[in-house]
Amino acid sequence: MGSDHTNRRLSHLRKVLERSGPFCRPDFDPSSENLPLLMDSCKVLVIGAGGLGCELLKNLALMGFRQIHVIDMDTIDLSNLNRQFLFRHKDIGASKAIIAAKFINERVSGCNVVPHFCKIQDKDESFYHQFNIVVCGLDSIVARRWINGMLISLLVYEDGELDQRSVIPMVDGGTEGFKGNARVILPGMTACIECTLDLYPPQVTYPLCTIANTPRLPEHCIEYVKVVQWPKENPFDCTIDGDDPQHINWIYEKSAERATQFGIRELTYRLVQGVVKNIIPAVASTNASIAATCTTEAFKLATSCSASLNNYMRKNNLIQNLNAET
């Protein structure tokens, strides 16, 4: 029963991999062996098991990839459950990577997702060297730059010429509210993260004089408590941990007091979390569409069935407010 269901699910992939077409790469060889080769030999690393990472893992597993590793250092929080659909309420506090891998392995027959509950920096070159493709679902530019540097360090040059067998492609996806982007990076061959840092949005900062003397926004109150009051009062004798509810509660209460003092409204607990952790509200549909694009690009890289994205894809969901006339 399970085998029949898998065969039906993968039938559309066979049509793509067993036929030639006008968009195939020159090195594509239509064959019934392409799908088994993809399923058994292609090792993919997914970095991040959050909103984008959950979609990536599901898509990759359903598109025939069976040898998947996922790495994430975070644990599951209540606020994750509205969009990170591989997790349930009982999973709160557990490792995102471990729970996501377990969910996929149980739901997709034959798939083997291996979790790594740690920072990407905890792994050495030998770990990253084993993969054929790296797919990133990160929300950190620092992490992107680190993995970009790692993949570049694995390149091998012979007599000044790049050995293309040492190139591990990186498919990078990112979302920011209703906006999203995707790109394919071939280290040593195409523009990398360091080459294109200006494509990423700058981090929002607030002048200290404004937050200290003339706050006008709820964000100003939160930033004041975070930058000034916390170091001065040191309530928990440690640095701020954005995942600790006690820390967030303390900052929320102090920020609310300051907002009341200056007549500022609309300060919420969720906003405090967002400012402290530098979180931009996530939209599930944006995650889904960007993950679909990234998975398609990974599939094209693994099979040569079509030319890869050679530029930078940007997605914008425009929202219009339509006021009905009475």
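Okay, let's start with Tyr269, which is partly exposed, at 29% relative accessibility. Keep in mind as we go that this is a predicted model. Tyr252 is also partly exposed, at 28% relative accessibility. I bring these two up together because their rings pair edge-to-face, with the centres 5.9 Å apart and the planes at 70°. Now, where do the two tyrosines sit? Tyr252 is in helix H10, residues 245–261, while Tyr269 is in helix H11, residues 269–277. They're 17 residues apart, so to speak of linking distant parts of the chain is fair for this pair.

How many aromatic pairs are there by the count? The number comes to 6. Another one of them is Phe127 with Tyr128: the ring centres are 5.0 Å apart and the planes stand at 85°, so that's edge-to-face. Are these residues buried or exposed? Phe127 is buried, at 9% relative accessibility. Tyr128 is buried as well, and its relative accessible area is 0%.

Stay with those two for a second, since they belong to a cluster. Ring pairs join Phe127, Tyr128, Phe131 and Trp146. If you've got the structure up, find those four side chains. Then look for the lysines. Lys123 has its charged end over the ring of Phe127, 5.0 Å from the ring centre. Lys43 does something similar with Phe131: its charged end sits over that ring, 5.7 Å from the centre. So Phe127 and Phe131 are both cluster members, and each has a lysine charge over its ring.

On to salt bridges. The count here is 8, and I'll walk through a few of them.

One is between Lys58 and Glu55, where the closest N and O atoms are 3.1 Å apart. Both residues are in helix H4, residues 51–62, and because they're 3 residues apart there, about one helical turn separates them. The two partners don't fall in one accessibility class: Glu55 counts as buried, at 10% relative accessibility, whereas Lys58 is partly exposed, at 27%.

Next, Arg165 and Asp163. They form a salt bridge too, with 3.1 Å between the closest N and O atoms. Which partner is buried here, and which is exposed? Asp163 is the buried one, at 15% relative accessibility, and Arg165 is exposed, with a relative accessible area of 72%.

Then there's Asp91 with Lys90, whose side chains meet in a salt bridge at 3.3 Å, N to O. Asp91 is buried, at 7% relative accessibility. Lys90, on the other hand, is exposed, with a relative accessible area of 71%.

Asp91 takes me to my last stop, Leu78. Where is Leu78? You'll find Leu78 in the loop between strand S2, 67–71, and helix H5, 96–107. Leu78 counts as exposed, at 52% relative accessibility; the cut-off for that is over 50%. Along the chain, Leu78 and Asp91 are 13 residues apart, and their C-alpha atoms are separated by 9.1 Å. What does Leu78 touch, once we set aside neighbours within four places in sequence? The answer is His89 and Ile92.

To recap, then: we've seen a partly exposed tyrosine pair, Tyr252 and Tyr269, an aromatic cluster that includes Phe127 and Trp146, and a few of the 8 salt bridges. And at the end came Leu78, out in its loop. That's it from me!

Definitions and conventions
Residues are numbered from 1 along each chain as its sequence is written. This is a predicted model: local features need pLDDT of at least 70, side-chain atom pairs count only at pLDDT 80 or more; totals for chains, interfaces and linings use all residues. Side-chain values use heavy atoms; hydrogens and water are left out. Rings of Phe, Tyr and Trp (its six-membered ring) pair if their centres lie within 6.5 Å; planes under 30 degrees apart count as stacked, over 60 as edge-to-face and the rest as tilted. Buried means under 20% relative accessible area, exposed over 50%, partly exposed in between (1.4 Å probe, protein chains only). Helices (H or I, at least four residues) and strands (E, at least two) are DSSP runs, numbered from the N terminus. A charge sits over a ring if NZ of Lys or CZ of Arg is within 6 Å of the ring centre and within 35 degrees of the ring normal. A salt bridge is a side-chain nitrogen of Lys or Arg within 4 Å of a carboxyl oxygen of Asp or Glu. Contact means heavy atoms within 4.5 Å.
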